[in-house]
Amino acid sequence: MTEDAAIIEEFKRLTREALTYDGSRGILAGIVDELVGILENAADFQADRQLDVTEGETASSEGLAISPTQAAMCAGEFQRTAIFLRGLHDAIVEAVELKSPETVHVLYAGSGPYATLAVPLMALFPPEKVRFTVLDMHAVSIASAKSVVSRLGLDRSVKSYVLADACDYAIPTDAIPDILLCETMSTALEREPQVAIMRHLLGQAPDAVIVPESVRVDAFLVDTSKEPDLIVPESEDPSAKWTPDRIPVGPVFELNAETIRSWASLSDDRLPAAVIRLPPPPEPSYRPFLFTAITTHGEHALRTHDCSLTGIREITDIDNLSAGRTVQFHYRLGAAPCLVAEAVDQRDAAGSC
Ligand SMILES: C[S@@+](CC[C@H](N)C(=O)[O-])C[C@H]1O[C@@H](n2cnc3c(N)ncnc32)[C@H](O)[C@@H]1O
């Protein structure tokens, strides 16, 4: 049964607010919370908070597919959800301008049970302009995403539902997407298969715009005792006096359309990443950390501590690397993907995960 017309109108209003609201984070959190509340109510899937949240996760050959419960919980990360919606919205507007009167096709890989990053936009763009393929490897999530779409009266916006591992999925030749949307990642691109999925799908749809357009990992020396006790998002208040004491070391790795294309001829389980030289720390307490920055599209970006994906991650097991030492990184693909650091002169491999 479809939701009340009033709920559907409220859903559209909240989506517009989530796309445009420019004030305090608290109010944005409230807007996203209400939006997600409508998705939750419409869904067949109800997260059981008594259960172990990892119940139902799948260890795939290219990384961990988190459980439907954990995927549902991602929706509440309001800054993440808002910035992905904004990026996808702008990518769709640009694609519609380019393709009109043809319909724009979005392939959403890893929808979770609410298809959170797509359903709100289905409510704004008519199906003549944009249609979605909704894919996940968990049957529970696909069935639930279907129930959400249906109850919100958006069936015509979905071209197909696909139950598959995105890393094995062969895109049908009559459904090559204009936009590839995927959020299957955690800090520093470790554990989850974002890199493998984007690489596999963009290889089949080389002209597609990817959302996020960039995930960039940089190294810094950090004295964590000088980081704020409370995690202060960088986007909280740009004029704030709070200045983190971090020493930039350099870019380590970036996932974007250009880097993915540059890896086309590589067939082993290593992707190239940067070499960095550790500068002398001002005090022994400074340790090397990886920072993650995500640009979903254009101006829409998630910076340090804005959400769990942009937390900081210590590069562990490299105590023997003193100042002045050079470290070579590579990205290791496979079941436990992550950036790996090696000392250039001693080859004493040291994983950052
Ligand atoms: C971090 S959750 C994101 C859920 C939702 N897209 C959102 O942003 O709120 C990642 C989702 O991707 C799915 N997933 C992970 N790896 C996958 C793979 N290889 N193929 C298909 N789905 C995958 C998981 O099942 C999970 O639903």
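**Two domains, a ligand and a few unusual bonds**

In this predicted model, 34 residues of domain 1 are in contact with 34 residues of domain 2.

Me: Where do the two domains start and end?
Reply: Domain 1 covers 5-214 and domain 2 covers 215-351, according to the domain assignment of the protein.

Me: And how many Å separate their centres?
Reply: Taken over C-alpha atoms, the centres of domain 1 and domain 2 are separated by 27 Å.

Me: Back to the contact, then. Which elements supply the side of domain 1 that touches domain 2?
Reply: On that side of domain 1, at least two residues come from each of α4 (78-99), α7 (194-204) and β7.

Me: Which one gives the most?
Reply: That is α4, with nine residues on the side of domain 1 that touches domain 2.

Me: How do the residues on that side divide into nonpolar, polar and charged?
Reply: The side of domain 1 that touches domain 2 has 16 nonpolar, eight polar and ten charged residues.

Me: You mentioned β7. Where does Ile-210 lie?
Reply: Ile-210 lies in strand β7, which runs over residues 209-211.

Me: Is Ile-210 buried or exposed?
Reply: Ile-210 counts as buried, because it has 23 C-beta neighbours inside 10 Å.

Me: Which residues is it in contact with, leaving aside neighbours within four places in sequence?
Reply: Those contacts of Ile-210 are Leu-180, Met-198, Leu-202 and Ala-257.

Me: How many Å apart are Ile-210 and Phe-11?
Reply: Ile-210 and Phe-11 are 26 Å apart in space, C-alpha to C-alpha, and 199 residues apart in sequence.

Me: Let's go to the helices. At what angle do α1 and α2 cross?
Reply: Helix α1 (residues 5-20) and helix α2 (residues 25-42) cross at roughly 145 degrees, and their axes come within 9 Å. The crossing of α1 and α2 is left-handed.

Me: Which residues make the contact?
Reply: From α1 there are Ile-7, Phe-11, Leu-14, Thr-15, Glu-17 and Ala-18, while α2 brings Ile-31, Val-32, Glu-34, Leu-35 and Ile-38. By class, the contact of α1 with α2 has eight nonpolar residues, one polar and two charged.

Me: New topic, the ligand. How many residues surround it?
Reply: The ligand is surrounded by 25 residues, and the closest are Ala-65, Ala-71, Gly-110, Gly-112 and Ala-166. Both α3 (68-74) and β4 (130-136) supply at least two residues each to the shell around the ligand.

Me: And what classes are in that shell?
Reply: The shell around the ligand has 13 nonpolar, eight polar and four charged residues.

Me: Now the backbone. Which peptide bond is cis with omega about 10 degrees?
Reply: That one joins Ser-100 and Pro-101. Pro-101 is in the loop between α4 and β3 (104-109). The peptide bond from Val-211 to Pro-212 is also cis, with omega near 5 degrees, and Pro-212 is in the loop between β7 and β8 (214-222).

Me: Why point those out?
Reply: Because most peptide bonds are trans, and most residues other than glycine have a negative phi.

Me: Which residue has a positive phi near 55 degrees?
Reply: Leu-189 does. Leu-189 is in the loop between β6 (179-182) and α7, and with 26 C-beta neighbours inside 10 Å, Leu-189 counts as buried.

Me: What about His-305?
Reply: Phi of His-305 is positive too, near 70 degrees. His-305 is in the loop between β12 (300-302) and β13 (312-314). His-305 has 21 C-beta neighbours inside 10 Å, so it counts as buried.

Terms used: Residues are numbered from 1 along each chain as its sequence is written. This is a predicted model: local features need pLDDT of at least 70, side-chain atom pairs count only at pLDDT 80 or more; totals for chains, interfaces and linings use all residues. Axes are lines fitted to C-alpha atoms, for helices over the stretch in contact, and angles run from 0 to 180 degrees between N-to-C directions. Helices (H or I, at least four residues) and strands (E, at least two) are DSSP runs, numbered from the N terminus. A crossing is left-handed if the near helix is turned anticlockwise from the far one by less than a right angle, and right-handed if clockwise. Two residues are in contact if their C-beta atoms, placed from the backbone, lie within 7 Å. Ala, Val, Leu, Ile, Met, Phe, Trp, Tyr, Cys and Pro count as nonpolar, Asp, Glu, Lys and Arg as charged, and the others, Gly among them, as polar. A residue is near a molecule or strand if its C-beta atom, placed from the backbone, lies within 6 Å of it. A residue is buried if 20 or more other C-beta atoms lie within 10 Å of its own, exposed if 12 or fewer, and partly exposed in between; C-beta atoms are placed from the backbone. Domain bounds come from an automatic or database domain assignment.
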